[in-house]
Amino acid sequence: MSDAHVSKLRTPLVTEDRTYEQISADILDSLESKPSKNWLIGFSISALFMTIGFIVIGYQVGTGIGVWGLNKTVGWSWDITNFVFWVGIGHAGTLISAVLLIFRQKWRTGINRAAEAMTIFAVACAGLYPLIHAGRPWLLYWVFPYPNTRGPLWVNFRSPLLWDVVAISTYLSVSLVFWYMGLLPDLATIRDRTKSKFRKYVYGVMSFGWDGSNRTWHHFEVLCLILAGLATPLVLSVHTIVSMDFATSVIPGWHTTIFPPYFVAGAIFSGFAMVLTLLILTRKVLNWENYVTMGHIEAMCKVIILTGTMVGLAYGTEFFIAWYSGNEYEQYAFINRATGPYWWAYWSMISCNVISPQLLWFKKLRTNLVFVFILSIFVNIGMWFERFVIITTSLHRDYLPSSWAMYSPTWVEIWTFIGTFGLFFTLYFLFIRLLPGIAVAEVKSVYKFARKNKK
Amino acid sequence: MRKNFVLAIYDDEEKLLAAAFKAREKKYKFYDIYTPFPVHGLDDAMDIKRSILPYVTFVMGLIGLIVAISTQIWMSAIDWPINVGGKPFISLPAFVPISFELTVFFAAHMTVGAFLFMNKLFPGKKPVIFDSAQTCHKFIVVHEKDAVDFDEVSKFYTDNGALEVTENSREMES
Amino acid sequence: MSNKDIYKTQKSEDQKDAYWQDVENKVLDPKALSNEFAEDEFDSFSVKKTRRNFLKIMGFSVTALPLTGCIKIPVRKAVPYLYKNDVVVPGVANWYATSYMGYPILAKTREGRPIKIEGNKKSIVTKGGANTQAQASVISLYDSYRYNSAMIDDKKVEWDEFDTKAKEALAAVKEAGKEIVLVTGESTSPSEIKVINEFAKKLGVTVVTYSSTSNQAILEANAQSFGKRVYADYNYEMADVILSFGADFLGTFGDDVGSSKQYVSRRDPKHKRGLSKHVQIESMMSMTGMNADKRFTRTLEEQRNFVLAIYAAVSSENVEGIKLSEDDKKLAMEIAKDLKNAGKNAVVVSDDKSSAVQILVNKINSALGAYGTTVFARDNEFVMNSNNSEFTQAISKMNEGKVGAMMFLNVNPAYDYKSSDKLVSALKKADMTMSFATAKDETSALCKFVAPNNHAFETWSDNQVNHEEFSFTQPVIQPLFGSRMASETLMSFAGISGSFHDYMKKHWDTKFYAQSKKDGEINFWNKTLHDGVVVLGGFSSELSAKNVSSSNSISKIKSMSYPKMAVQTYMKSAITDGEMANNPFLQELPDPVTKATWDNYVMVSPKYANEKSIKSGDMVTLKGKSHSVTIPAIVQPGTANNSFAVAVGYGRKVAGKVAKNLGGNAFAFDNGEEVSLKKTGEFKGLAQTQTHHSMEGRDIIRETTYSEYLKDPKAGNHKKARLVNIYPEHKKDGHQWAMAIDLSQCTGCSACIVSCSTENNVPVVGRQEVANRREMHWLRIDRYYKGDENEPEVMNMPMLCQHCENAPCENVCPVLATVHSSDGINQQIYNRCVGTRYCANNCPYKVRRFNWFNYDRGDSMAKLALNPDISQRSRGVMEKCSFCIQRIQEGKLEAKKERRPLKDGDIQVACQQSCPGDGIVFGDMNDPKSKISEFLGSERNYTVLEELNVRPRVSYLTKVRNK
């Protein structure tokens, strides 16, 4: 197909001419060849941090939550900040795979697999925090309304934390099956390509005996649409509920009706930033330039501009409402954010989340990989600060000045956070080693897009 | 039981699609067509009925919703009514989030279950592989040998751009 | 972990001793204890006991007590009751009337262990109040740092061996023709004083009374004005105008509980004599100063000139050259006018350490005619008032070798004497030294003989509470350690046979029964013992003020010179002179003024701090003539710019784990001594429970002035939030518990906090954890400053769980670990809590406390002080005020047993009970006749953060100031 005609108007989603066999080869090369040096280094570093993280968590659970820097006034800080941070990152994956599928955005095929994987790993990291932030983690199964011998004793369905539990577990499980169903055809491809008996067996089991029968394909596509249709409202609801952890409280700075949309926008914002961070690296390391193209990166940059601006709008609205409400506590909470002892956190948030994304309006910048990469990290930092600002600055000075207090993290909190990054990247490295990081079948299906064969 | 097949192997979905429609006119009865990725149109060529999965989803979602609402009401208002923050025992607005999540939960998982069941997909299932490339870059039209006249179809497919037309015989677990 | 070792007891040599160690746990096992009591029932005049029971026990105990008192019989095994005794019923508390530091109290014992102290309502002085020390005393009782046997040269000896050796030593001293000196603390116990005097007569001992914290100037002044070294009693209830010169009479100046009761009764605008007017002129912010209607920050010099000015105005005697600014002169005139208008219903108190000033104060009071209405200078034989100059002489005599033996009773001069080094060197010259300390202290460490005294709860004694009231001290538990009543030690030295109990009884029969020949000696004695207090008039006569000339006092005052920067030492209301410094409850109690715990510090004025750029927590060295301490500084509004203030009672060198090397010893500073202050550059920080001191103009504490109030009782309380409920409220029938706190009545004394902590087993977390803002107190007192930081207005607000009807904490708990009870209590279910801390975040009042760790409850000893009705909270669990649910339950059951409906006042929660000001009211708001209903109906009633519509069950009454 070397003599193919390439559209002038729209660049193909796969930039170079390839046969279907080559496509499989290019993508699956990463798991069919020996691990590269870069991969080994990256993997071992992340694994190391993950291990440290788990040791630190062990120490904390063994000694008591007191090893964190929290106090009677600030009962949550890094723990929930990181929880929301990771959940937020997760959302981009679902969004790319689900929403873009519904809108038939063909360009998603290059990135959705990696993005979905990222979702699952991020949610796994997020899920860790509600567990370890509790004073008695070993009793956390009490949040499930299981029939028990303690007389009629159920759970509190009015508690946003309980909503959280249900939302997060639903989200995790649904994303997981969605992702795995998508993997089936590619697993079958690997199974049929590999020579080694062992791999054949393993991938054979994992691929559920997929054989590419068109009858199956028919149901498969319907299933994907249905799951996409379910996942889309789900992802919105999950972050809405996360935001309700704060919105339903009475604490000035938390008690805000704008939170659901504000949080969802923030989540997509940070999520896309994370996808960029990962893919810019991965496509370099695994030479996927043909499949994860400039087009993809620009598209994601545009989403970041949009959501970044929405977030900025939300910040502004919060301030306006605080002033407009005439509620002195609300007003103080926001003045304190911008000018109080944690002013630096607030302003790093503003500069990272509102100002920096605006640079992406310039095509020169958003096509400059190095710049986009750095910017994507800035956005992630900014979004972390957003959660820190919301949680900590609202708590540390609320209604009665007598109990105003300051908070600063201990080494335990810091290392736990680093540990979750270790966990996340360890999983990601394993993923690109053992599973197709790009949806092979889907890429083939869009290969012909904007490319006509002369006959 | 042992079955014999006629296979027409393609390497390009467009040729395959054209051939498939011609074959439909010729009333050749397809056993199945194996493709590395979904080729839109083949469904019509093969006259596959619309999937029933959407109905499964709807019903299961409904069940999830009912289960969620009734459980919450029963637990917090009937089995153990207790004053929590002065809120009424049945605080419906507060029950919305969980009801929604459980609806999605049921719908999604049940649909996936139904999908796997309908297509007999499960870990350890033996796939029907006529050519190891059928999941990678080859497109294979399959007829049952007794359903068609071999010479005729082989001529037909070679005329319609098949790479090759072969016979194949294998054990099918039906 | 810092929180782990705060309670750990010092395992000093004497405690490693095998004999005591291996039986310790058995003896200390509560069950074993209760059985031990069961076997030898000693006196137990439970308030509820009938006369029959009492007599039955009495017969045995009188003989049994001396035995049980002196001989320790370790319990090897728990023996079941042979005959079920009717005194100790497991699970039912016995109450004993006794007293602590001379103040009548009730001791609550469970299975024979004292676990809670409450005031004795029968007392006409304390009227059921109890101060922080009394509240915390149970903790000291079980302090395993106490001596656990008689000691000679730091070696344990049996008591009889001790007695013979000690007697020989004393005899030897006599032979050598040297003097024996007994140094005792001030005492108000008739019988003890009698023993001391007899002992002194028998052995020809010179008795010297020494006190590190008493105001010698007052004694001297009174000696000159009345010819007797006596203190004055005050009656603040009769006082319409109170002028105090740095006298912390609600805290550490005289009888805090009694004074608070009297004072606070006049802070109620409904009082028939109206609101009293309290003016405080002081150079540091004192607890009393916080409560003043008008408080003026003035230097010592200015204060003394004020005294001159006011004396001049009141006595209409012409005093020249008063060094005061024009405004201050005017001010003095105004105050003098108020005083004169009030006449005999005015009172001037001063804690000035100059007798010249005190003489003038006396003259002002007599000029006003205050003696007899608000001030009483009484003569009586039952007090031993300190005379530190005698002690100084004794030391110099000892240095010359004239004194051969020195004994220390209830004093610790090696720690708190100004020039303790002199004492130390002198003691080396003495042939015989002896201390009666209950626990090893700086003095007893230097003594050859140590005869450990019993803790108050193991002791027989009697006290004169004020000029007419007497109280009894009776043992409520067997001596836990091998100690012995000091009075019995003295008796044995003096060769007086029998027990001190008999001795005391005899004394009472002869001396006091004679006063009130009512229903027979035995009944008189029993009744007194049962009630704990008895009022006997006629033992003291009014002293007539001699006419001392004012002129030389005035000239003395004028001639006084003042350093550029002076230090003022003061006592913290909890730690006072440091004798109870090893008590973690007192150490962790936030100081009413600074809200700092676990430390003493140098108070500097904000202005000075600015100039020298000092911030709270900076380590500073305060250097005086002969002495210097290095402790943190604290920037304290209301401190005079030329003076520093340091609390005494810290810097113990020989003490238990808790107190040892905590803070710096300030006893060596003279009051008003010239000092210099230097920053060390190190920053230690302070363990404060409150670090933001402004109310930020928020509507939290509502207040008004008396004049406003008289015009409109609702003054300052007109704000009313419009509240709407979007759903129906839950039924509110049956009992509905509620609490109201009158902010005018709260002096901030913090007795309620200690009471709450002992009642509810609230853990002590230690300095570091308090600094981490993790103190566990269920009840805190918020203290806010208003206005000029040199002369701020101070407001106190006790803050505890508000038991909101629409509690935000309840909605957010995922596991229903905090829910609402049908009688309106916000309940925390400890063993259901998983510790998400969401409830605490969502609490607008921030009153929920989280167990960040498993907090150490101390050794097997300390654990005996725990209230068995309250479960221990493990780590990871949230806790908070429960409205003393256990007391509510007990009250209900009592009523049920007696087949009667619950009466108002049947149930008293811990904080309410201990409040010296009766500022806290608790009860059933559905009972229209209850006190709480009356408070809820008051025009001054309001709830904090009402606009949140959480509907607190705890409401407050506006503060009324008489400005």
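# Chat on a predicted model

Colleague: What is the relative accessible area of Asn661(C)?

Modeller: Asn661(C) has a relative accessible area of 49%, so Asn661(C) counts as partly exposed. Buried means under 20%, exposed over 50%, and partly exposed in between, with a 1.4 Å probe and protein chains only.

Colleague: Ground rules, please?

Modeller: This is a predicted model: local features need pLDDT of at least 70, side-chain atom pairs count only at pLDDT 80 or more, and totals for chains, interfaces and linings use all residues. Residues are numbered from 1 along each chain as its sequence is written, chains are lettered from A and ligands numbered from 1 in the order in which they are written, and side-chain values use heavy atoms, without hydrogens and water.

Colleague: Back to Asn661(C). Where is it found?

Modeller: In the loop between strand 26 (643-647) and strand 27 (673-674) of chain C. Helices (H or I, at least four residues) and strands (E, at least two) are DSSP runs, numbered from the N terminus. Phi of Asn661(C) is near 55 degrees, a positive value in a residue other than glycine. Phi of Arg951(C) is near 55 degrees too. Arg951(C) lies in the loop between strand 39 (941-942) and strand 40 (954-957) of chain C.

Colleague: Salt bridges next. How many does the structure hold?

Modeller: 70 over all chains. The criterion is a side-chain nitrogen of Lys or Arg within 4 Å of a carboxyl oxygen of Asp or Glu. One of them joins Arg273(C) and Asp240(C), at 2.8 Å from N to O.

Colleague: Which parts does that pair tie together?

Modeller: Arg273(C) is in the loop between helix 9 (256-265) and strand 10 (277-282), and Asp240(C) in the loop between strand 8 (232-234) and strand 9 (241-245), so the pair ties together parts of chain C that are 33 residues apart in sequence. Arg273(C) is partly exposed, at 35%. Asp240(C) is buried, at 19%.

Colleague: What about Arg267(C) and Asp293(C), buried or exposed?

Modeller: Both are buried. They form a salt bridge, with the closest N and O atoms 2.3 Å apart.

Colleague: And where in chain C are Lys505(C) and Asp509(C)?

Modeller: In helix 18 (residues 500-512), four residues apart, so about one helical turn separates them. Their side chains meet in a salt bridge at 3.2 Å, N to O. Elsewhere, salt bridges that share partners join Glu703(C), Lys786(C), Glu793(C), Arg961(C) and Lys963(C) into one network.

Colleague: What does the side chain of Arg961(C) reach?

Modeller: The backbone oxygen of Val794(C), at 2.4 Å. A polar contact is a pair of N or O atoms within 3.5 Å; within protein, one must be able to donate a hydrogen and the other to accept it, and residues adjacent in sequence count only if both atoms are side-chain atoms. Arg961(C) is buried, at 2% relative accessibility.

Colleague: Switching to chain A. How many residues has helix 13?

Modeller: Helix 13 (residues 369-396) has 28 residues. It reaches 40 Å from first C-alpha to last, close to the 40 Å expected at 1.5 Å a residue. The expected span is 1.5 Å times one less than the number of residues.

Colleague: Where does helix 13 bend?

Modeller: At Val389(A), by about 25 degrees. That is the angle between axes fitted to the seven residues ending there and the seven starting there. Helix 13 is mostly covered, with 21 of its 28 residues buried.

Colleague: Which residue caps its N-terminal end?

Modeller: Asn368(A), with a side-chain oxygen 3.0 Å from the backbone nitrogen of Val370(A).
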